[in-house]
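Please take a first look at the sequence and the model below. The paragraphs that follow start with a single turn and work outward from there.

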Amino acid sequence: MMNNHSENSNPGKTKRRDFLNILLGGGFIAWLGALLYPVFKYLEPPEVEEVKVSNVKIGAVEDMQKDSGKIIKFGNKPVIVIRKKSGDYIAFSAECTHLDCIVQYRKDYGQIYCACHNGRYDLNGRVASGPPPAPLKKYGVAIKNDEVTVFEEAS
Amino acid sequence: MEEKNKKPKGKILSWLDERYDLSGLLEFAKKKSVPKFRETIWYYFGGVALLLFVVQVISGILLLMYYKGTEDLAFESVHFISTKVSFGWLIRSVHSWSANLMVLSVFIHMFSVYFLKGFRKPRELTWYTGFGLLAISMAFGFSGYLLPWNELAFFATKVGTDIVGQVPLIGEPALKLLRGGTDVTGATLSRFFGFHVAIFPGIFVILLTLHLLMIQRQGIAEPEDYQKLPDDEKKTIPFFPNFAMRELLIWLIVINILAILAVFFPWELGNKADPFSSAPVGIKPEWYFLFMFQVFKFLPGEILFLPGELVGVLLFGIGVLLWAIVPVWDKKTARGNKNRLLTYVGIFVIIFIIVFTILGFILD
């Protein structure tokens, strides 16, 4: 593209032009960066101060039928509470470790089931079958004066 | 004498011609033609997609008059549109059905261009812009699906965005960018609403304009077999009025199909999304994501020490990328030889999509 004649006759001029081009190009990129940086930063959602929840009361022992499960709000996270056939309570994070769907207790399987991709967990939260790559996070359950409390276990 | 022939007839045209000199444009319109051969039918589908896009814009603007894009009101406003607003159910049903038909015709258009090798030099950029339009069409579908804020949409969005989160390196920030936080919440709805009604239409219109301008500039692609014919055997259809009239007829048929679907199979709304309820049994995504969904169901938790979903995301990503850059790797067609491999790959992809889509429908 460059005119050969001027390049040969005056190499210094070319160098000066290259230098100016680099300066201008670099300046342009820096300008673009200054423009885009706030936009990208703006799109990044700010960390919202979450109310730290360490335990949630879910009612009296007999409120839940044996061999059933329900989803409770644990702060802003869903937690599945299951009352086993034996009457014991257990609780796990309700977010499937596969692709984030919310699991449910299936009486017919006696297992925790995720309807999105047929993932199954046993009642210890371990993967029984299907695509989930990891077990469900366990929550603790305490019963005191006939009141059931779900709490986050120290990890 | 010749000069006179070029002059347009009619008051309006001659008024315009006096001011803007339409002779070039009219000459162009007169010369424009479409090759006529066995596969001419496929040339109509780009136009069908265009028609359905226009239907989407119009019905979408109408829905905007009542829709409210917040967590508390989205479901209620769509319910209001479907039950209280005169013909609201129809407008919403048209919008949903037209979206599906549009994705379908974009896919048919893409495959026909692929098999007829319409992407080869000098039309690479038309292919790339077309691929961009296909990607945005699917993004339109995915973002629009969440807007009614119902149960199905909520979980589809959870899964879809979680898959994005599996991508190495950029996954985590991309997930946050899409969801507007770490979870699918009202913030996600606001963002998807913005994508759906502002960002995607903007990009789509720019790409579509380029796509159409390139086609006008280069003329419609001729497939290999047709190109090899001697000139006197090359049959063509004049674009105006013959091809345009046929296209109009097909548009009329498509509008009728759309009307039948929209009226007799009104789109359901389902239950309002509840971030604290289990995913319903039998949950499925839209049909055009179904084959991917089904593949993810079959993938085991771990493949060669890597998480199964990650392997799935990587394989799909590589496949889509290879498909998108077919003008780069298809050297054989570029040299004027038949590339059978390309055809076999295309057939394999279609069979793969059909089989997994059917499995997705029949398996629980």
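In this predicted model, S5(A) and S6(A) form a hairpin in which four residues lie between the two strands, and within that turn A:Gly110 has a positive phi of about 65°. The two strands run antiparallel and are joined by three bridges, and one of the pairs can be traced from A:Arg106, whose bridge partner in S6(A) is A:Gln111.

The chain then turns again, for S6(A) and S7(A) also form a hairpin with four residues between the strands, and here A:Asn118 is the residue that takes a positive phi, near 60°. Strand S6 of chain A covers residues 111-114 and strand S7 of chain A covers residues 119-121, and they pair in the antiparallel sense over three bridges. Among the bridge partners, A:Tyr113 is matched with A:Arg120 in S7(A), while A:Cys114 is matched with A:Gly119 in that strand.

These hairpins belong to an open sheet of four strands in chain A, which has the order S5-S6-S7-S8 and antiparallel pairing. As general background, the strands of a sheet pair through backbone hydrogen bonds, in either a parallel or an antiparallel manner. Which strands stand at the edges of the sheet in chain A? They are strand S5 (104-106) and strand S8 (127-129), and because each has a single partner strand, one side of each is left without a neighbour in the sheet. From one strand to the next, the twist averages 40°.

Stepping back to the whole of chain A, the domain assignment gives domain 1 (4-43) and domain 2 (55-152). Taken over C-alpha atoms, the centres of domain 1 of chain A and domain 2 of chain A are separated by 60 Å.

For chain B, the domain assignment gives domain 1 (38-272) and domain 2 (290-364), and the centres of domain 1 of chain B and domain 2 of chain B, again taken over C-alpha atoms, are 21 Å apart. Their contact takes 14 residues from domain 1 of chain B and 13 residues from domain 2 of chain B. On the side of domain 1 of chain B that touches domain 2 of chain B, at least two residues are supplied by each of helix H6 (88-115), helix H7 (124-146) and helix H8 (151-166) of chain B. Sorted by class, that side of domain 1 of chain B has eight nonpolar, one polar and five charged residues.

Helix H7 of chain B also packs with another helix, since the axes of H7(B) and helix H10 (residues 186-218) of chain B come within 9 Å and cross at roughly 160°. An angle over 145 degrees counts as roughly antiparallel, and therefore H7(B) is roughly antiparallel to H10(B). The crossing of H7(B) and H10(B) is left-handed, and their contact has 17 nonpolar, eight polar and no charged residues.

It remains to ask how the chains meet: how many residues of chain B are in contact with chain A? There are 29 residues of chain B in contact with 23 residues of chain A. On the side of chain B that touches chain A, the elements giving two or more residues are H8, helix H9 (171-179), helix H13 (287-298) and helix H14 (308-324) of chain B, and the largest share, five residues, comes from H8(B). By class, the side of chain B that touches chain A has 15 nonpolar, seven polar and seven charged residues.

Terms used: Residues numbered from 1 in each chain as written. Chains lettered and ligands numbered in written order. Predicted model: local features only at pLDDT ≥ 70, side-chain atom pairs only at ≥ 80, totals over all residues. Domains from an automatic or database assignment. Contact = placed C-beta atoms within 7 Å. Nonpolar A, V, L, I, M, F, W, Y, C, P; charged D, E, K, R; others polar. Pairing = 2+ DSSP bridges. Axes fitted to C-alpha atoms, helices over the stretch in contact; angles between N-to-C directions. Parallel < 35°, antiparallel > 145°, perpendicular 65-115°, else oblique. Left-handed = near helix turned anticlockwise from the far one by under 90°.
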